[in-house]
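Here are my notes on this one, jotted down as I went through it. Have the viewer open while you read.

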Amino acid sequence: MTQHLVEKTPVTLLGLGAMGTALARTWLAAGHPLTVWNRTPARAAVLAAEGARAADSAADAVAANTLIITCLLDDSSVEEVLAGTDLAGKDLVNLTTSTPAQARARAEWARERGARYLDGGIMAVPPMVGIPEAGGYVFYSGSAELFEQHQQTLGVPVGTTYVGADAGFAALHDVALLSAMYGMFAGAAHAFALIRRENIDPASLAPLLADWLAAMAPSVHQTADQLRGGDYTKGVVSNLAMQVAGTPTFLDTAEQQGVSPELLTPYFELMRRRLAEGSGEEDLTGVIDLLVR
């Protein structure tokens, strides 16, 4: 019986913080030849003991393989680390957190140096890496050819979601989702603050709050449909006028509970501004247009 061995793509990884180290270990566990480099050599030495090759320099690490992955502190770190390397013919996948504008500029920077470029926005924390059921994934944007060629390798640590040829789209999707997350955290913080001085166990509110937020989450599909079609009155259940009329109750309750309304008032102000334009039959979707400068 002949055994057919599938050759695994060699990977070079620059940056071994918590996320980089987690990524490295999943590639090693999956049998990918791995070359690593880090400013602090001790971190690379730990992975070398686990089977990785620790490069003496970033240039040495880049020279070792075609697929180069960066997971560094920021965009400036990427430029600094790669400054003395030869990127001609390389496939550069940048998993460093950046803005859309930085990603687009970095894509052009890589192209000028002869490299294909893919930007990534990681939607996971290190403990989720290598655990498919945890649901982590990375947004990718940039070279479709690079993504198609290396998707299987890139998908070893976490899932992959390609969002377009525009290199800035991964970072944009990343920040959009995280912005919504912080908005949710803000609302939850206000909810817990309201009961903070009462004889109510926060642990009893938590499941109610989680279920309520989960029930409200599908409303984003209606918002998207309204934005796409331009009709903000489509499918409205509680219109803008009615919701604005109810805001004093929230503010009065906060005052009576000794809670600052500062997490709510900016959104309420946008609702009032939209209503002042004579759009009372709309959903809350119109506030989005007020945010776009």
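1. Start with Q257, which counts as partly exposed because its relative accessibility is 23%. Q257 sits in the loop between α10 and α11. Its C-alpha is 8.5 Å from that of A193, although 64 residues separate Q257 and A193 in sequence. Bear in mind that we're looking at a predicted model here.

2. Next, L251, in helix α10. With a relative accessibility of 25%, L251 is also classed as partly exposed. Its partner for a distance check is Y137: L251 and Y137 are 114 residues apart along the sequence, and their C-alpha atoms are 39 Å apart in space.

3. Then there's A59, which belongs to helix α3, residues 58–64. A59 is partly exposed at 31% relative accessibility. From A59 to D86 is 27 residues along the chain, and 7.1 Å between C-alpha atoms.

4. On to the rings. How many aromatic pairs does a search of the whole structure find? It turns up 5. One of them is F147 with Y162, a stacked pair with 5.0 Å from centre to centre and 25° between the planes. That angle is under the 30 degrees used as the limit for stacking, so the label follows. F147 comes from helix α6 (residues 144–154) and Y162 from strand β8 (residues 159–162), so this pair ties together parts 15 residues apart in sequence.

5. What about burial of those two rings? F147 is buried, at 8% relative accessibility, while Y162 comes out as partly exposed at 29%. The cut-off for buried is under 20% relative accessible area, so the two residues get separate labels. There's a third member to look at as well: ring pairs join Y140, F147 and Y162 into a cluster.

6. The pair F250 and F268 has ring centres 5.9 Å apart and planes at 55°, so it counts as tilted. Here the link is between helices: F250 is in α10 (residues 240–256) and F268 is in α11 (residues 265–276), so the pair connects parts 18 residues apart in sequence. F250 is partly exposed, with 49% relative accessibility, and F268 is buried, with a relative accessible area of 9%. If you're checking labels, note that exposed starts over 50%, so F250 stays in the partly exposed class.

7. Also worth a click is R106, which lies over the face of W109. The distance to the ring centre is 4.7 Å.

8. Is S141 buried or exposed? It is buried, because its relative accessibility is 0%. S141 lies in strand β7, residues 137–142. Its side chain has two polar partners you can pick out on the backbone. The backbone oxygen of D166 is reached at 3.2 Å, and the backbone nitrogen of A170 lies 2.9 Å from a polar atom of the S141 side chain.

9. Now the pockets. The largest has a volume of about 2000 Å³. It is lined by 44 residues, and L213, M216, S219, Y267 and L284 are the closest to its centre. Which elements give two or more residues to this lining? They are α7 (169–195), α8 (202–216), α9 (219–229), α10, α11 and α12 (286–291). The largest share, 10 residues, is from α7. By class, the lining has 30 nonpolar, 13 polar and 1 charged residues.

10. The second largest pocket has a volume of about 250 Å³. Its lining is made of 16 residues, with C71, L95, T96, T97 and I122 nearest the centre. Both β6 (116–123) and α7 supply at least two lining residues. The top contributor is β6, which gives 4 residues. Sorted by class, this lining has 9 nonpolar, 5 polar and 2 charged residues.

11. One cross-check to finish. Helix α7 appears in the linings of both pockets: it gives 10 residues to the largest, and at least two to the second largest. Helix α10 carries L251, holds F250 of the tilted pair, and is among the elements that line the largest pocket.

How values were computed:
Residues numbered from 1 in each chain as written. Predicted model: local features only at pLDDT ≥ 70, side-chain atom pairs only at ≥ 80, totals over all residues. Heavy atoms only, no water. Phe/Tyr/Trp six-rings, centres within 6.5 Å; stacked < 30°, edge-to-face > 60°. Buried < 20%, exposed > 50% of the residue type's maximum accessible area, 1.4 Å probe, protein only. Lys NZ or Arg CZ within 6 Å of the ring centre and 35° of its normal. 1 Å grid on protein atoms, 1.4 Å probe; cavity = no way out; pocket = protein on both sides within 12 Å on 5 of 7 lines; lining within 4 Å. Points joined across faces, edges and corners; volume = space filled by probe spheres on them. Nonpolar A, V, L, I, M, F, W, Y, C, P; charged D, E, K, R; others polar. Polar contact = N/O pair within 3.5 Å; in protein donor to acceptor, adjacent residues only side chain to side chain.
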